[in-house]
Structure formats: structure tokens, C-alpha cells
Amino acid sequence: MSGSQKQTAASKPAQNKLWGGRFTGGLDPLMEAYNESLSLDKAFYAEDIDGSIAWARANKNAHILTEEEFKEIERGFGVVRKEWETNSFEIKPGVDEDIHTANERRLGEIIGPAIAGKLHTGRSRNDQIATDLRLWVRRKLLEIKDHLDSLLKVIVSRAENEIDLLIPGYTHLQRAQPVRWSHWLLSYGSCFARDFRALHYVIEELNYCPLGCGALSGNVFGIDRRAIARELGFKDLCLNSMDAVSDRDFLLKTMGWGSDFMMHVSRIAQDLCIYSSQEFGFVKLADAYSTGSSLMPQKKNPDALELLRGKSGTMHGLHSGFRVALNSLPSCYNKDMQEGTSAILTTIHLLSTSTQILTGVLSTLSTCPAAMARALEPSMLATELADYLVRKGVPFRETHHISGRVVALAEKEGKGMDELSVAQLQGVDQRFGSDARECFDYEAAVERRTAEGGTARGRVMEQVEALKMVLGTGKMGD
């Protein structure tokens with residue numbers, strides 16, 4: 001069939017398409033499918049109904065609708081909402097292009113087109129979708145904030161209860177210095193506390209109302225936009241109508257926040273993959289967050305952690321992809337922005353499930369104190385020897401070299417540094433006293449880190465209390 005025959009075969013725009021009057025030819029069926037967004041934006045059905053009721057009330061107050069007409073619209077949308085909630089809403093392919101069209105079409109069937117046809121007076125799908133998106137993202141981010149709150153509570157609880165456990169701290173994946181297991185947990189608690197605070201500002205920044213801006217130039221019927229904003233729970237209005245209908249910065253900021261958050265998630269997931277391996281054995285993952293091998297019966301794979309690590313890449317791609325879609329767009333609304341719908345739906349699902357999975361992993365894993373203790377080895381205390389001489393007045397640059405020579409001696413002798421005699425230490429430098437061997441105590445080494453932010457018990461407990469304050473206030477100290 002030729003292209004012209006296809007166009008002839010395609011139906012003309014349906015009567016209740018919101019834009020059909022100007023067109024005489026029908027859409028190519030492929031274009032119909034390519035253009036529709038209801039399969040995605042039906043997720044916003046409740047927000048679309050809430051916005052429509054607020055819009056109808058504003059039109060009633062502006063004397064566009066009578067009190068009786070408003071009540072009918074409100075009643076009709078109650079029926080529509082119930083149908084969506086019970087999964088009984090009947091979508092009409094080729095007619096219901098998007099959630100706005102579907103809801104208004106169904107409203108007309110319930111209360112009649114004479115009243116339903118007045119609903120869209122002065123409103124555009126441009127300000128309508130901008131409103132739906134802001135309302136939906138706000139609701140979902142508040143849910144994610146609750147999930148993040150739960151994650152932080154697990155970290156705080158474990159850090160408080162497992163403060164006696166010591167593990168090697170690593171740099172470059174090489175054993176570096178002993179730290180408390182709690183200190184490691186709280187290092188990620190600090191990351192997630194920053195995310196918690198940042199999320200508060202992301203929510204604040206999207207909480208502006210675009211409804212009443214029309215397609216681009218505003219409203220001619222004198223509706224009270226501030227009353228609409230109050231009804232929908234917005235803190236203020238979008239200032240400029242042209243910007244209001246085209247602003248998708250709040251989606252980018254949500255995805256950008258998600259990208260930062262998932263970067264932190266991927267790092268703790270990577271650490272836990274390593275710590276749960278047989279080579280380390282610091283932790284054991286619960287069966288609920290592990291899988292086996294189809295070939296090797298002995299395997300217990302950290303699939304939850306690997307998926308968390310992998311999905312961080314998906315999140316970065318969503319953010320980058322939508323930023324590119326918006327880049328260099330001309331002013332006001334363009335259909336390219338529809339790509340933000342699938343991106344934000346995927347983003348929210350990914351962030352919500354990832355936060356809950358990580359919380360589950362951390363709350364159910366078991367620690368292996370014996371393996372943690374075995375991983376501590378004397379060379380990690382080389383800095384303690386250097387610091388010992390610093391306290392005797394020796395410049396650190398000199399003590400660093402002296403301690404390095406002690407490490408070399410222990411390696412040459414094939415023994416641990418803690419097995420060297422005082423005489424052997426003094427053979428390296430006479431300033432080592434009989435008390436130098438006291439440096440080879442992991443607990444004492446940890447407890448010497450008493451500056452704020454350090455791994456000494458008291459400082460770790462300060463960090464615990466600081467995170468509890470974050471959870472109590474929703475904010476972190478500036």
C-alpha cells in the first residue's frame with residue numbers, strides 16, 4: 001500500500017481529540033502509536049483528576065462554570081477516579097491519546113459533553129502535563145524520602161550496636177589502617193545523609209504551580225492561580241507562563257539527584273560484594289538477597305548488590321539522555337519533552353526499589369567478627385610507629401622513613417612487625433623505647449583517632465548522634 005493510500009485509510013481525527021478541529025486528514029496508524037503517551041502517563045491519573053477539579057473550581061469562581069456544573073464535574077471525576085483505582089477504566093485506542101484526553105473523554109460520557117466540554121476552557125495540555133508531572137514527582141519523592149529515612153535508620157542502628165568490631169580500612173583496595181566497622185558504615189551514612197538533605201531541596205524546587213499558564217501566554221478569564229496552587233499544595237506559582245509550560249528542570253534535578261544517590265549506592269554495593277566474597281568473608285548476605293548458580297551448587301551470588309551496582313549506570317544514562325533531549329530546544333513547549341515521561345517513570349521506580357533493596361540487604365546481612373579480626377595485620381600499624389617517634393620530637397618525614405625500614409626488616413625476617421623485639425626496633429633507630437611495642441595494638445590505634453570525624457569510639461558515637469539528628473529534622477547541619 002502506498003503512503004497516500006495509508007493516509008486515506010487512516011481515520012480522521014476523532015471528534016473528541018482535543019486538537020482535531022483544524023485537521024481534515026487522518027493520522028498514519030504508526031504515527032498514532034508513535035505519538036500516544038497514555039501507556040505511560042496513565043500513571044498520573046490521580047494528579048490529572050486533582051488538577052482538573054482544582055481547575056474547574058477556579059473556573060466556577062471566575063463564573064465560567066455554574067455551581068451545579070462544577071458539582072457535576074466533581075461527581076463525574078469521582079467516578080473516573082474509582083474506575084482507575086479498580087482497574088476498570090476502559091481505554092479507547094486511537095481516541096485516548098494521553099491521560100488528559102482519556103479522563104476528559106470519560107468525564108463526558110458520565111456527565112454529558114455539554115458540561116464536560118467546558119472543563120478545558122482556558123487550559124492547555126501544556127500547563128496540564130506540567131502540573132501533573134510536578135504533583136506526581138513530588139508525591140513519589142516524598143515516598144523515596146521515607147525509604148531513605150529507613151535506610152539511614154538501619155545504618156545508624158548497626159553502627160551503634162556493632163561499634164566494637166574492627167576491620168581494615170582500605171585505600172587503593174590495599175590494607176591501610178584499622179577502623180571500626182561502624183566507621184565504615186557511617187562513611188556511607190554520611191553520603192546518604194547528604195542525599196537526604198539534597199532531596200529536601202529537590203522537592204522544594206519543584207513545588208511551584210504552572211496551572212493557569214495556558215499554552216504559553218497565560219489565561220484570559222481572570223482565574224485565581226494562587227487559589228489553584230493552594231488547593232494542590234504548591235508553595236508558590238511559576239513566575240512566567242512561557243517558562244512554566246516548558247520547564248523540565250525539576251525532572252533533570254530529580255534525575256541528577258538520583259544519579260548522585262545511585263553513585264553512592266553503587267559504591268557501598270561494590271564494597272559489600274568484596275566484603276562478602278570468600279576471600280574476605282567479613283559479612284554474609286541473607287538468602288533473601290542472594291542467588292545460586294545453575295551449574296555450580298556451592299555458589300551464593302550477591303545478585304542484589306550487583307544489580308544495585310549495575311542500575312547506577314542506568315540512572316546515569318537516564319539523566320544524560322533527557323538532558324540531551326532538552327538541549328537546544330526552542331522556547332515554550334516542544335514534543336521532545338514527552339521523553340521525560342518515560343525517563344522519570346523509570347527513574348522513580350529505580351530509585352524507590354533500589355533504596356528498599358539496599359535497606360533490606362543491610363538490615364539482614366550478618367557480620368563475621370573472626371574474619372574481620374584475621375584481616376587485621378601488623379603492617380597496618382606502621383603509621384603508629386611513625387607517630388610514636390613524632391611524640392618524641394622526631395620530624396614526621398624522618399619517622400616515615402624509619403617506620404618503612406621497620407616494615408622492610410619484618411618482611412626480611414619473615415615475621416610480623418609485632419614479632420620484632422625491642423632490640424631489633426632499636427637496631428633500626430635507637431629512639432625506640434621498650435614501650436614501642438605498645439603501638440602494635442589495634443584497639444589502641446583506633447582509639448588514638450580522637451579528632452572530630454575520626455574512628456575512635458567517642459567520635460563514632462558523635463557521628464551516630466549527628467545522623468539521628470538528620471533523621472529527626474530532615475536536614476543536616478550546614
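These questions and answers cover a helix pair and some aromatic contacts in a predicted model.

Trainee: How are α8 and α9 oriented to each other, roughly parallel or roughly antiparallel?

Mentor: Take α8 as residues 125-161 and α9 as residues 181-206. Their axes come within 10 Å and cross at roughly 160°. Angles over 145 degrees count as roughly antiparallel. The two helices are therefore roughly antiparallel.

Trainee: Which residue classes make up the contact of α8 with α9?

Mentor: The crossing of α8 past α9 is left-handed. By class, the contact has 18 nonpolar, three polar and seven charged residues.

Trainee: What kind of pair do the rings of Y170 and F280 form?

Mentor: The structure has 14 aromatic pairs. In this one, the ring centres of Y170 and F280 are 5.8 Å apart, and the planes stand at 55°. Planes under 30 degrees apart count as stacked and over 60 as edge-to-face. An angle of 55° falls in neither class, so the pair of Y170 and F280 is tilted.

Trainee: How many residues apart in sequence are the parts that this pair ties together?

Mentor: Y170 sits in strand β1, residues 166-171. F280 sits in the loop between α12 (249-275) and β5 (283-284). The pair therefore ties together parts whose separation in sequence is 110 residues.

Trainee: Is F280 buried or exposed?

Mentor: Buried needs under 20% relative accessible area, and exposed needs over 50%. F280 has 25%. That value lies in between, so F280 is partly exposed.

Trainee: Which ring does K145 lie over?

Mentor: K145 is placed 5.4 Å from a ring centre. A Lys NZ must be within 6 Å of the centre to count. The ring under K145 belongs to F196.

Key:
Residues numbered from 1 in each chain as written. Predicted model: local features only at pLDDT ≥ 70, side-chain atom pairs only at ≥ 80, totals over all residues. Heavy atoms only, no water. Axes fitted to C-alpha atoms, helices over the stretch in contact; angles between N-to-C directions. Helix = DSSP H or I, 4+ residues; strand = E, 2+ residues; numbered from the N terminus. Parallel < 35°, antiparallel > 145°, perpendicular 65-115°, else oblique. Left-handed = near helix turned anticlockwise from the far one by under 90°. Nonpolar A, V, L, I, M, F, W, Y, C, P; charged D, E, K, R; others polar. Phe/Tyr/Trp six-rings, centres within 6.5 Å; stacked < 30°, edge-to-face > 60°. Buried < 20%, exposed > 50% of the residue type's maximum accessible area, 1.4 Å probe, protein only. Lys NZ or Arg CZ within 6 Å of the ring centre and 35° of its normal.
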